Amino acid sequence: VSRILDIVNWGIAGKVSLDRFATVALLTYDFAQHRLEYSNAAHHPLLINRAGNKTFETLDTEGIPIGLEKKTKYNQINTVLQPDDIVVLYTDGIIEAMNDRGEQYSFETLQQVILSNCDLPPEKLKKAIIEDMNSFVGKAKQHDDQTFLLMKVDG
């Protein structure tokens with residue numbers, strides 16, 4: 001996975017202006033071995049809810065945004081997932097979503113809603129996260145994209 005980021009970075013570095021950059025997260029998952037490979041270019045860490053002990057783990061790799069330096073080499077982290085583990089990729093628009101008092105939704109709130117609803121199937125968990133965030137934000141104007149991807153390992 002990290003090699004893919006290296007190649008993409010090499011291909012676009014020097015072709016974009018320094019004020020235009022992107023953070024990137026990339027993962028692959030082997031369904032047979034339950035093995036996940038993760039790499040990122042200055043994106044938020046990958047969030048994993050470990051079903052066995054109801055705890056959270058984050059996976060992160062060092063790296064600058066993609067396209068800034070041609071010779072940047074990205075790292076990757078590997079882990080094995082267990083049945084009912086939940087994996088979440090998210091943009092900062094989720095954890096930085098603000099209500100009309102200027103308070104942020106926060107990483108901790110995202111974790112709490114996942115933990116409170118971790119027994120739900122993925123589609124219902126997705127809806128629970130969206131409803132919780134929308135309830136928190138209320139009528140405040142959205143200031144950033146709000147994207148997340150979640151995956152739950154079959155039990």
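**Exercise 1. The hairpin of β3 and β4**

Task: Describe how β3 and β4 are connected, and state which residue in the turn has a positive phi.

Solution. Step 1: β3 and β4 form a hairpin, and 4 residues lie between them. The structure used here is a predicted model.
Step 2: In the turn, Lys54 has a positive phi of about 55 degrees, although Lys54 is not a glycine. Lys54 belongs to the loop between β3 (46-50) and β4 (55-59).
Step 3: The two strands run antiparallel and are joined by 5 bridges. One pair of bridge partners is Arg50 and Thr55, the latter in β4.
Step 4: Is Lys54 buried, partly exposed or exposed? The relative accessible area of Lys54 is 39%. Partly exposed covers the range between 20% and 50%, so Lys54 is partly exposed.

**Exercise 2. A second positive phi**

Task: Find where Asp84 lies, and state its phi and its exposure.

Solution. Step 1: The loop between β5 (77-80) and β6 (86-90) contains Asp84.
Step 2: Asp84 is not a glycine, yet its phi is positive, at about 75 degrees.
Step 3: The relative accessibility of Asp84 is 37%, so this residue counts as partly exposed.

**Exercise 3. The surroundings of β3**

Task: Decide whether β3 is largely enclosed or open, and sort its residues by the direction in which they point.

Solution. Step 1: In β3, 5 of the 5 residues are buried, so the strand is largely enclosed by the rest of the structure.
Step 2: In a regular strand, side chains alternate between the two faces of the sheet.
Step 3: In β3, Leu46, Ile48 and Arg50 point one way, while Leu47 and Asn49 point the other way.
Step 4: β3 is also joined to β6, by 3 bridges, and these two strands run antiparallel. Ile48 has Val87 in β6 as its bridge partner.

**Exercise 4. Val87 in β6**

Task: State whether Val87 is buried or exposed, and which residues it contacts beyond its neighbours within four places in sequence.

Solution. Step 1: Val87 is located in strand β6.
Step 2: Its relative accessible area is 2%, under the 20% limit, so Val87 is buried.
Step 3: Beyond those neighbours, Val87 is in contact with residues including Leu27, Leu36, Leu81, Leu149 and Met151.
Step 4: Val87 and Pro45 are 42 residues apart in sequence, and their C-alpha atoms are 11 Å apart in space.

**Exercise 5. The sheet with three strands**

Task: Give the strand order of the open sheet and name its edge strands.

Solution. Step 1: The open sheet has 3 strands in the order β1-β2-β5, with antiparallel pairing.
Step 2: β1 (24-30) and β5 each pair on one side only, and they are the edge strands.
Step 3: From one strand to the next, the twist averages 20 degrees.
Step 4: Helix α1 (residues 2-12) packs on the sheet and touches β1 and β2. The direction of α1 makes about 30 degrees with that of β2.
Step 5: Strand β2 (residues 35-41) is joined to β5 by 4 bridges. Val80 in β5 stands opposite Arg35.

**Exercise 6. Ser39 in β2**

Task: State the exposure of Ser39 and find which backbone oxygen its side chain reaches.

Solution. Step 1: Ser39 is part of strand β2.
Step 2: With a relative accessible area of 0%, Ser39 is buried.
Step 3: The backbone oxygen of Asn75 is reached by the side chain of Ser39 at 2.5 Å.
Step 4: Leaving aside neighbours within four places in sequence, Ser39 has contacts that include Val1, Leu5, Val24, Thr61 and Tyr74.

Methods: Residues are numbered from 1 along each chain as its sequence is written. This is a predicted model: local features need pLDDT of at least 70, side-chain atom pairs count only at pLDDT 80 or more; totals for chains, interfaces and linings use all residues. Side-chain values use heavy atoms; hydrogens and water are left out. Buried means under 20% relative accessible area, exposed over 50%, partly exposed in between (1.4 Å probe, protein chains only). Two strands pair if DSSP finds at least two bridges between them. Axes are lines fitted to C-alpha atoms, for helices over the stretch in contact, and angles run from 0 to 180 degrees between N-to-C directions. Contact means heavy atoms within 4.5 Å. A polar contact is a pair of N or O atoms within 3.5 Å; within protein, one must be able to donate a hydrogen and the other to accept it, and residues adjacent in sequence count only if both atoms are side-chain atoms.
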